[in-house]
Number of protein chains: 2
Amino acid sequence: MKSPDYGKVTEEVKTALAEIIGAKDIISGEGTENYEHDETLKAVPCPPEVVVKPDNTASVSGIMKLASQYKIPVTPRGSGTGLSGGAIPIHGGIVLSLERMNRIREIDTANFVCVAEAGAVLNDLHQAVLDKGLYYPLYPGEMTASIGGNVATNAGGMRAVKYGVTRHFVLGLEAVLPTGEVVHTGGKFVKCSTAYDLTQLIAGSEGTLAVITSVILRLISQPGSREILFVPFRTLQDAVRTVPEILKEKILPVGIEFLEKDILDATEKFTGKEIPLSGYPAYLMIMVEADDQDQFLSIADRIGKVCLRMGAVDIFVPGSERAKRNLLEAREKFYPALRQLGMLEMADVVVPRSCVADFVEGGKAIATKHGLVMHASGHAGDGNVHFHLNAEDTEANAIKAKECLADIFKMGVSLGGSISGEHGLGCAKMEYLPLAADKAKMELMKRIKRAFDPFNIMNPGKVLTSD
Amino acid sequence: MKSPDYGKVTEEVKTALAEIIGAKDIISGEGTENYEHDETLKAVPCPPEVVVKPDNTASVSGIMKLASQYKIPVTPRGSGTGLSGGAIPIHGGIVLSLERMNRIREIDTANFVCVAEAGAVLNDLHQAVLDKGLYYPLYPGEMTASIGGNVATNAGGMRAVKYGVTRHFVLGLEAVLPTGEVVHTGGKFVKCSTAYDLTQLIAGSEGTLAVITSVILRLISQPGSREILFVPFRTLQDAVRTVPEILKEKILPVGIEFLEKDILDATEKFTGKEIPLSGYPAYLMIMVEADDQDQFLSIADRIGKVCLRMGAVDIFVPGSERAKRNLLEAREKFYPALRQLGMLEMADVVVPRSCVADFVEGGKAIATKHGLVMHASGHAGDGNVHFHLNAEDTEANAIKAKECLADIFKMGVSLGGSISGEHGLGCAKMEYLPLAADKAKMELMKRIKRAFDPFNIMNPGKVLTSD
């Protein structure tokens with residue numbers, strides 16, 4: 001995979017790096033193994049030639065200037081919790097870890113804004129903001145992730161129905177271009193019609209256009225307490241058709257998840273904890289926010305009526321904090337539960353939410369045709385479907401799984417969807433992008449990449465092929 | 001201003017255009033005068049060589065291919081209601097009017113999505129969506145604007161506190177590249193982490209990157225009725241400081257406007273209608289949505305308490321629909337009222353909302369220094385300040401006004417703001433962009449422009465200079 005055109009991290013380069021950030025924040029040889037991978041299923045680890053841990057934006061700029069000079073590939077890295085290999089240094093070179101740039105620079109309570117360095121851990125950011133009486137509502141599931149990584153992948157999560165995804169909370173960025181210039185985009189404002197929106201272009205570009213060093217985030221006032229309704233249906237179609245009906249009731253749930261029997265059974269077995277009302281084919285898990293118990297009861301009553309009208313079998317409202325936590329934990333245990341069954345591939349297609357049931361049914365049929373089993377769960381409220389291909393872990397099955405994945409992606413795109421709803425493409429899903437983007441769009445994106453990165457050193461081999 | 005390098009619309013070109021869209025939808029000579037201008041204050045009209053009115057995307061593609069071949073500049077145009085000259089054909093060439101592409105292609109009630117052609121008029125779109133029981137909440141003020149123009153300028157308006165701006169409702173686009181290829185971006189989903197966000201890059205680019213032919217818009221369920229609180233304060237600082245305190249109360253107003261005595265006096269004089277509680281130095285006009293009268297009274301009570309705690313003199317809640325309409329109409333009459341005083345320049349800076357009072361005070365001082373009078377009003381909830389420079393309309397004053405504008409922009413940027421919050425730069429404000437974007441950012445944006453538009457034929461002379 002290594003391109004012969006790239007420069008190597010020679011002793012000369014290491015000396016120059018040490019001059020920029022100091023020798024103690026450079027790792028080469030032993031210790032680099034922690035930077036060979038992220039949390040992507042079955043991705044091949046790749047050793048970096050050197051890991052650098054700058055402490056400030058000027059150092060990042062210096063590193064990028066040096067990398068430009070020597071044409072050395074640079075892989076930016078937050079906490080390394082990504083699921084599509086965005087932080088794997090597939091061409092070796094420099095891993096630029098932002099772990100030390102983890103300060104919350106400012107929480108501005110007049111403008112409801114937080115300015116955080118890219119390496120700030122989501123958990124810390126949440127807490128710091130809460131301490132000032134404000135709130136950052138995005139919850140992509142992994143609270144040890146860095147905010148820079150969240151922005152780079154445009155992380156989503158379970159609260160998108162009400163709050164959208166990470167990019168909707170990014171008002172501005174400080175970023176270092178591949179050639180070393182520091183750019184500031186956006187600001188402490190929601191409205192802006194001043195030239196091109198570089199903020200939203202760099203957000204979601206998975207470190208291929210620039211190194212994000214700091215983000216300006218929009219905050220909200222603290223929402224009410226979060227409550228859950230757990231609603232069994234006789235078919236997934238019934239469950240999916242209920243979603244727009246709930247939204248038409250002037251109720252805006254935080255999120256609406258769908259769950260199927262096979263996954264709940266696997267999870268019950270994995271955790272040893274019973275899930276209430278189990279045994280039905282499909283469920284909605286509806287999360288709402290309410291200022292007080294009265295408001296919640298009124299919302300629950302209205303949602304319950306809609307669900308029953310649309311064919312729900314029953315409505316379960318956990319009566320205690322413990323019961324609520326158990327339900328949420330069951331949802332969060334899907335991945336390890338399914339992983340135990342021999343997981344070959346996982347993906348997170350997004351389709352128009354009305355197509356979720358068609359997508360799941362179609363995907364299962366495709367998997368069966370390939371001799372595999374597909375399990376699906378995900379975000380019924382926003383059409384983001386997580387699916388897993390399970391079978392015994394053999395080389396033959398691995399090949400089948402790749403082919404099956406391509407077929408499922410094709411179907412998702414034909415339903416009006418796209419390859420990834422929240423994980424990003426990284427190197428793990430990059431090859432499938434042409435299924436969702438025709439030649440004109442691919443070429444345009446490559447020209448945009450070159451407009452940022454003339455030497456193709458910025459996280460090369462991610463998102464777009466570099467031919 | 002005409003570049004000698006551009007091709008001319010010769011008879012040969014006209015014949016080729018007629019082959020693409022038919023002779024009856026081409027205007028040259030008489031009738032083109034309606035396409036020489038938009039609604040920008042004091043912009044110099046420029047005649048196009050030809051106006052074409054395609055009816056479908058394939059025709060737009062054909063026109064752009066032809067324009068590429070002959071290197072003819074193309075100015076896309078919606079309803080021509082822009083305020084910064086984005087639709088003025090400053091290099092002559094082709095005006096590509098989207099007025100006939102005004103269909104609502106689809107209203108999808110399961111996915112809460114509307115697909116509208118770029119020329120669809122905002123008023124029609126609002127009504128069509130309402131007829132299906134859904135709602136498009138953006139209200140930039142000019143309901144005869146086209147949705148394509150709204151997207152191209154990222155139009156804002158008075159509801160940004162709750163709903164954000166146009167780009168926040170754009171899920172996807174159909175657009176024609178300057179070289180004629182049709183690209184589709186985004187889709188009927190909120191979540192997407194599949195390569196670069198071309199939707200948000202093209203949105204707000206004022207027709208300089210591509211011709212938007214159709215937009216996929218996010219819709220919401222119908223909100224409650226809209227009510228107003230009109231609150232006088234003893235100083236603008238007091239009014240501005242009240243805004244975050246309201247938002248901390250878990251109340252999300254649709255919008256919060258600020259108004260000053262000078263503008264209200266001019267408006268009263270202009271309309272001949274009395275404004276309630278007049279005579280105080282500054283006001284907040286707070287717009288909220290409520291499901292019923294009880295909910296509104298509760299919200300009004302909470303907002304009222306915050307305002308009084310922060311120094312409000314009184315709280316006025318219009319008791320009838322007529323009183324409510326009068327207040328809103330007064331707000332909408334600011335522009336003609338001030339225009340009567342001899343308006344030399346207008347602009348719509350955005351600053352962090354905590355800086356609105358400092359910006360207005362500073363701006364007035366700068367105007368006084370230049371021998372002019374500055375009046376300001378605007379969106380206290382989102383920091384978007386509209387200001388007008390008034391004085392007798394002489395050549396000497398026009399020069400002063402330009403200098404004054406630059407000084408005010410500089411101050412806005414120094415407060416953390418930007419040149420335009422919602423009108424765009426077009427050709428009217430383009431020259432000021434370097435005040436908000438340093439060399440690295442300017443050069444990056446120019447490279448992005450070239451990645452889309454290698455021949456610089458797509459609305460040249462707007463947003464960015466083309467050196």
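With a relative accessibility of just 2%, His379(A) counts as buried in this predicted model. The residue belongs to strand β16 of chain A, which runs over residues 373–379. Its side chain makes a polar contact of 3.3 Å with the side chain of His386(A). Setting aside neighbours within four places in sequence, the surroundings of His379(A) take in Gly157(A), Met158(A), Ile256(A), Glu257(A), Phe258(A), Arg331(A), Asn384(A), His386(A) and Glu422(A), plus Lys191(B) from the other side of the interface.

That brings us to the interface itself. The size of an interface is often given as the accessible area lost when the parts come together. Here, chains A and B bury about 6,000 Å² between them, with 62% of that on carbon and sulfur atoms. On the chain B side, the residues that give up the most area to chain A are Lys191(B), Ser193(B) and Tyr196(B), which together account for 16% of what that side buries. Lys191(B), then, turns up both in this trio and among the contacts of His379(A). In terms of residues, 77 from chain B are in contact with 77 from chain A.

Over in chain B, Arg331(B) sits in helix α10, residues 321–332. Its relative accessibility is 11%, so Arg331(B) counts as buried too, the cut-off being 20%. Again leaving out neighbours within four places in sequence, Arg331(B) touches Met158(B), Glu257(B), Leu259(B) and Met285(B), along with Ser377(B), Gly378(B) and His379(B).

Back in chain A, there is a helix pair to look at. Two packed helices are described by the angle between their axes and the distance between the axes. For α7 (residues 236–248) and α12 (residues 356–369) of chain A, the angle is about 155° and the axes lie 8 Å apart. Angles over 145 degrees count as roughly antiparallel, and α7(A) and α12(A) are therefore roughly antiparallel to each other. From α7(A), the contact draws on Leu236(A), Gln237(A) and Val240(A), while α12(A) supplies Val356(A), Ala357(A), Asp358(A), Val360(A) and Glu361(A). Sorted by character, the residues of this contact come to five nonpolar, one polar and two charged.

Finally, helix α3 of chain A (residues 122–131) has a set of buried residues: Leu122(A), Leu125(A), His126(A), Ala128(A) and Val129(A). Their cover includes the strands β5 (104–108), β6 (113–117), β7 (134–135) and β10 (211–218), as well as helix α4 (147–153), all of chain A. Just past the end of α3(A), Gly133(A) adopts a positive phi of about 85°.

Note on methods: Residues are numbered from 1 along each chain as its sequence is written. Chains are lettered from A and ligands numbered from 1 in the order in which they are written. This is a predicted model: local features need pLDDT of at least 70, side-chain atom pairs count only at pLDDT 80 or more; totals for chains, interfaces and linings use all residues. Side-chain values use heavy atoms; hydrogens and water are left out. Helices (H or I, at least four residues) and strands (E, at least two) are DSSP runs, numbered from the N terminus. Buried means under 20% relative accessible area, exposed over 50%, partly exposed in between (1.4 Å probe, protein chains only). A polar contact is a pair of N or O atoms within 3.5 Å; within protein, one must be able to donate a hydrogen and the other to accept it, and residues adjacent in sequence count only if both atoms are side-chain atoms. Contact means heavy atoms within 4.5 Å. Axes are lines fitted to C-alpha atoms, for helices over the stretch in contact, and angles run from 0 to 180 degrees between N-to-C directions. Angles under 35 degrees count as roughly parallel, over 145 as roughly antiparallel, 65 to 115 as roughly perpendicular and the rest as oblique. Ala, Val, Leu, Ile, Met, Phe, Trp, Tyr, Cys and Pro count as nonpolar, Asp, Glu, Lys and Arg as charged, and the others, Gly among them, as polar. Buried area is the accessible area (1.4 Å probe) that two parts lose on being put together, summed over both.
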